[in-house]
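Work through the exercises below with the model open beside you. Try each task before you read its solution.

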Amino acid sequence: MADFQNCDSCSSSPLELFERVTAQGEKVRSLKAVKASTDEIDAAVKLLLSLKVTYKTATGQDYKAGSPPVNFSPVSNNGPTTTQDEDFVDPWTVQTSNAKGVDYDKLIVRFGSSKIDKELINRIERVTGQTPHHFLRRGIFFSHRDMNQILDAYENKKRFYLYTGRGPSSEAMHVGHLIPFIFTKWLQEVFNVPLVIQLTDDEKYLWKDLTIQKASDYAIENAKDIIACGFDINKTFIFSDLDYLGMSPGFYKNVVKVQKHVTFNQVKGIFGFTDSDCIGKISFPAIQAAPSFSSSFPQIFKDKEDIQCLIPCAIDQDPYFRMTRDVAPRIGYLKPALLHSIFFPALQGAQTKMSASDPNSSIFLTDTPKQIKTKINKHAFSGGKDTIEEHRKQGGNCEVDVSYMYLTFFLEDDDKLEKMKQAYTSGALLTGELKKVLIETLQPLIAAHQQRRKQVTDEMVKQFMTPRKLAFEF
Ligand code: TRP
């Protein structure tokens, strides 16, 4: 919210924010009135609460319905992030009014991270001797914290490890969920390092309307999709919180250390928790923080407490790791480094990320070739013109076209992608033709994933999820 201190419309921002809180309150009431789904109501309430915190941070006053802000004075600059131009990003909600999606350059400034620029990409290429992944070349992983430190360490033959995760909120994973895993697999291969993957079934139990049993079942189902991405069983440990926490004193000690060094006020500021959130939620961030420290995994790292951690994740997870980086030096540990990705847009447009609860907002890993085709043809937001004549004359707009955006994620051939961009922009390529390319790119990709998933046995899942030494000496 630094924006409130240096924007040129400061005097109107708190009022605008006041109006947003009011409007969001009305939205929650109307969703409840029409008995909307719990997921939808939950998301709206989350946004409302976060907006209230943002309001308080910006004005120094509690939001009171019907009383617009007076004599406001901003109090801090590290709460949930929204600006007067409407982008909102926290672990639960991503919203923007811009069809091109969230303004990621602004997010870098607000979150205080660093841009992954050409220089860093070149350095990764030099250090690893590998062509940088197209997610790096195309700005899909666009922001980082301390990546240069990781490269320094690597050049000095010091090992690091990778940590990523997934909240298993349902059985159904969609293509967007694969992005961090595809990239993590590439990192694991080029750097040859251990990887830990946290499945936060506890988090989903706390946040969603789920039983403990369901949450752990989803963790196992999701683990199969993750394994199907091709991780090396000798270099990868996957764990479910509900399972691993109870058997790892090393892990639990780190959770408690983090808990001792973060106050309720701090998590309120970072995550927008309120007095009526259950205490499980309030203490959960410590559980997502703990895997950033090597002593949480003595079976892999023995007694080494100083193996640095690199976390590839979507940018909405950054609040957890801002908190982690803040406590790390205070409990005698290294700060984890981070690589942040942009969001995978919903079929309907880049205003929001995809949601597992809306089947038409995404392509699922279980979709048939026919479903993929129908969804893309029917729902993928087009940046093309209404009529062929207009389109031929004026061309389409790749910046808002969801099919084009998806191709930047999944079409690896740079030349082909560039040719399509030019043809679409000039009007030579029609929306239907662009969609056809996307359909033909995704169908085999998903089919291959389904094939690999079928080959994942219960025995393999169990092996991946057993605490054990990996193929590295520490
Ligand atoms: N909270 C994340 C989610 O809901 C899951 C997660 C846990 C994670 N640890 C992580 C994601 C580390 C990225 C990196 O999906």
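The exercises that follow deal with a predicted model.

**Exercise 1. The closed spaces**

Task: Find how many cavities of 30 Å³ or more the structure holds, and describe the lining of each.

Solution.
Step 1. Start with the idea behind the search. Rolling a probe the size of a water molecule over the atoms shows where empty space is left.
Step 2. Count. There are two cavities of 30 Å³ or more.
Step 3. Take the largest cavity. Its volume is about 70 Å³. Its lining consists of K46, L49, S50, D90, W92, W207, F271, G272, F273, D277 and K281.
Step 4. Sort that lining by class. The largest cavity has five nonpolar, two polar and four charged lining residues.
Step 5. Look for the main contributor. Helix α3 (residues 38–59) supplies the largest share of the lining of the largest cavity, three residues.
Step 6. Move to the second largest cavity. It holds about 40 Å³ of space. S292, F293, S294, E305, D306, I307, Q308, C309, Y333 and L334 line it. By class, that lining divides into five nonpolar, three polar and two charged residues.

**Exercise 2. An open space**

Task: Describe the second largest pocket: what is its volume, and which residues lie nearest its centre?

Solution.
Step 1. Give the volume. The second largest pocket has about 820 Å³ of space.
Step 2. Go to the centre. The lining has 27 residues, and K100, Y104, R138, G139 and I342 lie nearest the centre of this pocket.
Step 3. Trace the elements. At least two lining residues come from each of α4 (104–111), β12 (349–353) and α19 (402–410). The largest share, four residues, belongs to α19.
Step 4. Sort by class. The lining of the second largest pocket has 15 nonpolar, four polar and eight charged residues.

**Exercise 3. The nonpolar cores**

Task: Which residues touch the most other members of the largest nonpolar core, and which helix gives the most to this core?

Solution.
Step 1. Recall the background. In soluble globular proteins, nonpolar side chains tend to be buried together.
Step 2. Name the best-connected members. The largest nonpolar core has 79 residues, and F141, M147, I238 and I363 touch the most other members.
Step 3. Name the helix. Helix α8 (residues 175–191) gives the most to this core, nine residues.
Step 4. Check for another core. A second, separate core has 42 residues, including V262, F273, F321 and A328.
Step 5. Link back to Exercise 1. F273 is also one of the residues that line the largest cavity.

**Exercise 4. Two residues in helices**

Task: Is K375 buried or exposed, and is T408 buried or exposed? Then list what each one touches.

Solution.
Step 1. Place K375. It lies in helix α17 (residues 369–379).
Step 2. Apply the cut-off. K375 has a relative accessibility of 9%, so it counts as buried, because buried means under 20%.
Step 3. Find its polar partner. The side chain of K375 makes a polar contact with the side chain of D367 at 2.8 Å.
Step 4. List the contacts. Beyond four places in sequence, K375 is in contact with L347, P359, N360, S362, I363, F364, D367 and A380. Among them, I363 appeared in the largest nonpolar core.
Step 5. Place T408. It is in helix α19. Its relative accessible area is 16%, so T408 is buried too.
Step 6. Follow its side chain. The side chain of T408 reaches the backbone oxygen of M405 at 2.5 Å. Not counting residues up to four places away, T408 touches H134, R138, I140 and L417.

**Exercise 5. Loops and phi angles**

Task: In which loops do D146, K302 and E305 lie, and what is the phi of D146 and of K302?

Solution.
Step 1. Recall the rule. Most residues other than glycine have a negative phi.
Step 2. Check D146. It is not a glycine, yet its phi is positive, about 60°. D146 lies in the loop between β5 (141–145) and α7 (147–155). With a relative accessible area of 25%, D146 is partly exposed.
Step 3. Check K302. Its phi is positive at about 50°, although K302 is not a glycine. K302 is found in the loop between α15 and β9. At 46% relative accessibility, K302 is partly exposed.
Step 4. Check E305. It sits in the loop between α15 (298–301) and β9 (308–314). Its relative accessible area is 43%, so E305 is partly exposed.
Step 5. List the contacts of E305. Leaving aside neighbours within four places in sequence, E305 is in contact with S294, S295 and Y333. S294 and Y333 are among the residues that line the second largest cavity, as is E305.

Notes
Residues numbered from 1 in each chain as written. Predicted model: local features only at pLDDT ≥ 70, side-chain atom pairs only at ≥ 80, totals over all residues. Heavy atoms only, no water. 1 Å grid on protein atoms, 1.4 Å probe; cavity = no way out; pocket = protein on both sides within 12 Å on 5 of 7 lines; lining within 4 Å. Points joined across faces, edges and corners; volume = space filled by probe spheres on them. Nonpolar A, V, L, I, M, F, W, Y, C, P; charged D, E, K, R; others polar. Core = buried A, V, L, I, M, F, W, Y, C linked by side-chain atoms within 4.5 Å. Buried < 20%, exposed > 50% of the residue type's maximum accessible area, 1.4 Å probe, protein only. Polar contact = N/O pair within 3.5 Å; in protein donor to acceptor, adjacent residues only side chain to side chain. Contact = heavy atoms within 4.5 Å.
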